[in-house]
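Biologist: Could you take a close look at one part of this chain for me, the charged side chains that pair with one another, and then lead me outward from there to whatever lies around them? I am a first-year student, so please go slowly and explain each step.

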Amino acid sequence: MSLGKKHVLGFSPNCGQLFASVDEQGILRIWDTETNTLKQEFTPNLQVTGPCTALTWISLAAARPKKSRKSLPIQEATGDQLFIALGTLKGGVAVYSLTEGKIDRTLKGDSHDGAVASIAYDNAGHLYTVGTDCRALVWSLAEERCTDSWQVGPEKPQHIVYLPKSRTLAVGSRQLKVYDVKTKELVETFTGHSGEISTISSVVCTDNSEFVLTTAKMERVICFWKIEKRGKNKASACTLLMEDLAYCLTSETREDGQLRVASVTRNGNIHIYLLNVKSLSAEKFVKPKVSLQIVSDGAETVEPILAVAAHFVTDSNRSHEILFSYGNRQQLQFERFTPNYAEKLNVIVRADPKKQYAKKKGKNELGLQAETKIKKPIVSQKTVEYNSALPVFQKKVQNEMPMEARLQHLQIHATKLTGGKLQTQSKTQLLMQALHSKDQTMIQAVLSTHDMETIQLTLERLPLEYVSPLVNELSILLQGKHANVSSAVRWLHVLASTHTSVLMSEDKEALREKLGVCLGVAEQRMLCLSEALQISGRVNLIISQMKRNSDNHLNDSKALILDDDPDLEDNLLTESNWSDLEDQDASSKSTSEDIAADDDDLTTETDSDESMD
């Protein structure tokens with residue numbers, strides 16, 4: 001069973017005496033449900049196997065000792081031991097030993113091309129796994145290798161469960177597909193969920209009929225599917241209602257033929273259903289018979305405590321009880337509880353495991369102080385006077401070094417790297433500090449650098465663990481304005497060429513998630529490239545024409561020259577005046593001569609007249 005994306009958990013088959021869970025950091029924790037104690041805590045080697053993505057409990061025969069003793073019991077020498085089969089992020093399977101507290105063996109052979117999505121055990125020495133590569137693999141524990149595989153796509157499988165009676169494997173994605181493990185053929189399909197299947201479980205009734213129980217993401221129902229090894233796109237045989245999404249499913253068949261189903265929802269409640277297999281109907285929705293809610297015993301406020309998992313106790317003496325865990329991943333509490341079916345809601349008041357852990361930690365610290373007999377005096381800070389332990393003559397140390405020599409020692413000399421580049425040009429420390437503190441102002445200041453040499457030096461000296469946060473910040477910048485996009489593209493180009501091996505060494509899905517935003521933004525901008533180039537070309541053409549028209553003047557081509565010399569104007573005026581005077585004198589002389597000539601003519605005429613008389 002799984003809880004969330006990266007959380008896997010499960011109860012042991014020996015009446016649920018042990019509980020195993022893996023948190024987000026990949027730490028495997030094994031709890032003893034009888035004593036509420038953490039028995040083992042194991043951190044896998046992330047470089048060899050990778051974090052755990054799925055787990056299941058298995059039982060194997062104990063290894064025979066080389067020299068057996070007669071005093072040892074026969075059951076101890078030949079009994080089965082519990083192991084945990086772990087599916088890893090790198091597509092392999094490892095077997096964890098409870099007695100040794102480490103990985104006992106790693107199965108070899110073919111493996112998945114991605115993470116292992118789910119794992120199941122058939123109680124006959126075979127493991128079945130499905131992964132993100134849409135394949136189902138069969139692993140032999142005796143041979144310690146992968147023996148067979150087949151395709152279960154095209155939808156990515158999420159969960160699987162093995163059905164022992166029909167010897168089939170139910171694979172849940174959006175549909176529920178049933179495969180025959182011997183012939184590897186698809187024998188039955190079921191349709192009914194609108195989303196991907198999130199949890200899965202199976203149950204075998206007293207009449208040897210088999211049912212598969214599933215819940216899907218964003219759905220508040222539990223679907224019953226009856227396995228008959230024939231038919232396609234079949235509907236569910238029964239539907240159970242819930243008040244919230246389910247994170248955990250468990251079921252059992254009692255001796256009287258009654259079927260009990262329990263689900264742990266997202267809000268931390270546990271719903272228990274009582275069903276009769278013979279009266280299951282697809283037309284009616286079944287509501288829970290009783291609901292369990294866990295709350296804290298605080299005096300001021302009542303706060304809910306989330307339930308993590310539930311399991312029906314198969315012990316004949318405790319068949320009426322249900323085992324559940326509550327708290328968080330680090331502090332879990334287990335309890336066996338007998339529900340009161342006469343009431344619809346059973347409220348269970350318990351102490352919060354967080355508060356209990358804090359009180360226990362405080363008591364341990366007080367006990368440690370009492371053992372070491374360390375007492376801290378209570379003194380007011382205002383009345384304390386701190387004295388130096390040095391003598392008076394050693395307190396005043398005279399430094400005869402002149403100020404000029406001190407300043408010379410304080411000078412910072414820039415160290416040069418290979419190629420004559422200065423080390424002070426690198427902004428690696430600023431970038432590391434910005435990414436570690438997630439200071440957006442400092443990140444913007446560093447990533448706004450346009451000098452390619454500075455960017456190259458910064459990324460060459462950047463540690464590998466800061467590559468992934470830098471890619472995330474660059475993907476955010478690519479979604480901003482043009483200035484931020486140009487800076488992000490410049491940094492991303494240098495980062496891809498500098499740390500190519502680091503990016504290529506990661507998983508395909510993880511690398512696709514990191515660079516998916518960058519690729520999406522690049523493709524979106526490339527779609528608008530032709531229209532943007534057309535607009536840019538037209539705008540540049542208009543601007544060039546406007547500049548050409550504004551620069552086309554006559555004065556620039558020197559077609560007309562005007563000389564505005566004042567002396568030349570005065571000379572021209574003087575010459576024009578003198579010419580006017582001369583013209584006037586000449587005209588006056590001509591008029592006077594004409595008058596004199598007229599007078600002479602007149603006198604001659606008079607004289608001639610007189611003579612004639």
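Modeller: In this predicted model, Asp180 counts as buried because its relative accessibility is 14%, and the cut-off for buried is under 20%. Although covered in this way, Asp180 forms a salt bridge with Lys229, and the closest N and O atoms of the two are 3.8 Å apart. This pair links distant parts of the chain, for Asp180 belongs to strand E16 (residues 176-180) while Lys229 sits in the loop between strand E20 (221-227) and strand E21 (238-241), 49 residues apart. Lys229, for its part, is partly exposed, with a relative accessible area of 35%, so the bridge joins a buried partner to a partly exposed one.

The pair is one of 17 salt bridges. Among the others, the side chains of Asp104 and Arg105 meet with an N to O distance of 2.9 Å, and here Asp104 is partly exposed, because its relative accessible area is 30%, which falls between the limits of 20% and 50%.

A further bridge connects Arg260 with Glu252, whose closest N and O atoms are 2.5 Å apart. Arg260 is buried, with a relative accessible area of 1%, and Glu252 counts as buried too, at 13% relative accessibility. Elsewhere, salt bridges that share partners tie Glu188, Glu228, Arg230 and Lys234 into one network.

Arg260 also leads us to a neighbour, since Thr250 touches Arg260 as well as Ser201, Val261, Ala262, Ala310, His311 and Phe312, if residues up to four places away in sequence are left out. Thr250 is found in strand E22 (residues 246-253), and with a relative accessible area of 8% Thr250 is buried.

From the contacts of Thr250, which include Ala310, we can step to strand E27 (residues 307-312), which runs antiparallel to strand E28 and is joined to that strand by 5 bridges. In this pairing, Ala307 stands opposite Tyr326 in E28. Strand E28 (residues 322-327) is mostly covered, as 5 of its 6 residues are buried. E28 also pairs in the antiparallel sense with strand E29 (residues 332-337), over 6 bridges, and there Tyr326 stands opposite Gln333. With 4 residues between them, E28 and E29 form a hairpin.

Aromatic rings make another kind of link, and the count comes to 9 aromatic pairs. The rings of Tyr128 and Tyr162 have their centres 5.5 Å apart and their planes at 10°, so this pair is stacked. Tyr128 lies in strand E11 (residues 126-131) and Tyr162 in strand E14 (residues 159-163), so the two rings tie together parts that are 34 residues apart in sequence. Both Tyr128 and Tyr162 are buried. Ring pairs also link Phe11, Phe19, Trp31 and Phe334 into a cluster.

As a last stop, we can turn to the surface, where Leu345, Val347 and Val349 form a nonpolar patch with about 250 Å² of accessible area together. Leu345 is found in strand E30 (residues 345-350) and is partly exposed, with a relative accessible area of 44%.

How values were computed: Residues are numbered from 1 along each chain as its sequence is written. This is a predicted model: local features need pLDDT of at least 70, side-chain atom pairs count only at pLDDT 80 or more; totals for chains, interfaces and linings use all residues. Side-chain values use heavy atoms; hydrogens and water are left out. Patches are made of residues with over 30% relative accessible area and no salt bridge: like charges are joined within 9 Å, nonpolar side chains (Val, Leu, Ile, Met, Phe, Trp, Tyr) within 5 Å. Accessible areas come from the Shrake-Rupley method with a 1.4 Å probe; for residues, only the protein chains shown count as cover. A salt bridge is a side-chain nitrogen of Lys or Arg within 4 Å of a carboxyl oxygen of Asp or Glu. Helices (H or I, at least four residues) and strands (E, at least two) are DSSP runs, numbered from the N terminus. Buried means under 20% relative accessible area, exposed over 50%, partly exposed in between (1.4 Å probe, protein chains only). Two strands pair if DSSP finds at least two bridges between them. Contact means heavy atoms within 4.5 Å. Rings of Phe, Tyr and Trp (its six-membered ring) pair if their centres lie within 6.5 Å; planes under 30 degrees apart count as stacked, over 60 as edge-to-face and the rest as tilted.
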